[in-house]
Amino acid sequence: MDSNTMREAVTPRETIELLKSLVRIPSVNGSEEAVALWLNNLFQELGLETSLYEVEPHRPAVVGVLHGKRPGKRLMYTTHFDTHVTDNMEIPPFEPEIRENRLYGRGSCDAKGSIAAMIMSAVLLQRTGCDFSGDLLLAFVPDEEYMNKGTTELMRQGIAADMAVVGEPTEMAVGFGHRGCTHIDINVTGRAYHSAFPERGINAIELMAHVITALRSEYFPTYEQKHHPYLGHPVINLGLIRGGTRIHTVADKCCASFLRRDLPGETTEDILDGIQGFLDGLMARDPKLCAHASLSTIQQRIRLPFFMEPDHPLVSGLSESCRRAAGREGEKQVMNYYCDASILCTESGIPTVIFGPGSISVAHSAVEYIELDQLADAVYIYADYAMSLLAGEEKTP
């Protein structure tokens, strides 16, 4: 199907109006029920086979299925409808506004723009009577922003697909990999004492300062010796530090929380053992130091890296769909952020690519927006990609 035919079947204005409707429905992480139910009703109106899956009470995922004319493969288009908080926003979060060919509002970029484009790609296939085999699944989930419970639950429920596209703001690049995430706590234990006699206590906060300095100068630089040809080396960030009980008491506890971004092949055990081995060396030099590394209590699941070879047919095929539908070949990139592609591909064995309109640089920001040209092109690219993957021969039962 040529580009002009697709643009006549679904106009950019229709996609914009759908995205406006989605932005108007607040769905901050933890309060996503309203948007899920709205999407479920929309799928029913479109004639899709639709189901709700309870991830947690009042936090459903919604799956709509557009069936082809013959049995065949199952392609899943998926992303999340939960959004970041709105406390920091400098614009009305749920009042979509268009200025300078951008649509502003919370979730417009991350990731309701992808939702709108994926839905309208299915509408395009319906309106053009596209002759395809198999099924196109639209699977939209809560809780990607925090614990990835939505996609995890869909996999547990047995939602199956032969291939998947995760809609995240890639600026229309074709994402074929990202690092994993490990949350690490380092706990230092001291000895409490009255602040009038600090020398009689052991100040855990002061000891932690030495530990962090040593890790930064001596141990974390060794991560640069690990190298992946596309994902580079692991990186680590100190994000939280907590210690002490009151100002007039020597602090007897201090905890520093790090987020490490990991490479394929690395294990949680090896990562923690490496840090603890370094801490053991520090303790051997300072008998007052008691330090222990562990998986953070906030990390209830291991977040593994995701990687597909850049010449994999699914990656190359999506890049080619960008050329056919939007006039420019999709650049192949690895992403700096973690997303549900890991759960689908690394954990569940579904070959997956990441692709969507919008820039990650404005996701979660005080002024979130999406470029409308990207939003429009995404519809036609998703449609072209679905047709290219589902137009093959009937799959043997």
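Q: Why are helices H8 and H10 called oblique to each other?
A: H8 (residues 313-326) and H10 (residues 372-390) pack at about 125°. Angles under 35 degrees count as roughly parallel, 65 to 115 as roughly perpendicular, over 145 as roughly antiparallel, and the rest as oblique. H8 and H10 are therefore oblique. Their axes (lines fitted to C-alpha atoms over the stretch in contact, with angles from 0 to 180 degrees between N-to-C directions) lie 8 Å apart. This is a predicted model, where local features need pLDDT of at least 70, side-chain atom pairs need 80 or more, and totals for chains, interfaces and linings use all residues. Residues are numbered from 1 along each chain, and side-chain values use heavy atoms, without hydrogens or water.

Q: Which residues make the contact between H8 and H10?
A: Contact means heavy atoms within 4.5 Å. On H8, Leu314, Gly317, Leu318, Ser321, Cys322, Arg324, Ala325 and Ala326 take part. H10 brings Asp377, Tyr380, Ile381, Asp384, Tyr385, Ser388 and Leu389. By class, the contact has 9 nonpolar, 3 polar and 3 charged residues.

Q: What makes the space lined by Thr78, Asp340 and others a cavity?
A: A cavity is a set of points on a 1 Å grid where a 1.4 Å probe fits but cannot get out. The count comes to 1 cavity of 30 Å³ or more. The largest has a volume of about 30 Å³. Its lining residues (an atom within 4 Å of a point) are Thr78, Thr79, His80, Glu144, Thr151, Val166, Glu168 and Asp340.

Q: Which strand gives the largest share of that lining?
A: Strand S3 (residues 70-80), with 3 residues. By class, the lining has 1 nonpolar, 4 polar and 3 charged residues.

Conventions:
Helix = DSSP H or I, 4+ residues; strand = E, 2+ residues; numbered from the N terminus. Nonpolar A, V, L, I, M, F, W, Y, C, P; charged D, E, K, R; others polar. 1 Å grid on protein atoms, 1.4 Å probe; cavity = no way out; pocket = protein on both sides within 12 Å on 5 of 7 lines; lining within 4 Å. Points joined across faces, edges and corners; volume = space filled by probe spheres on them.
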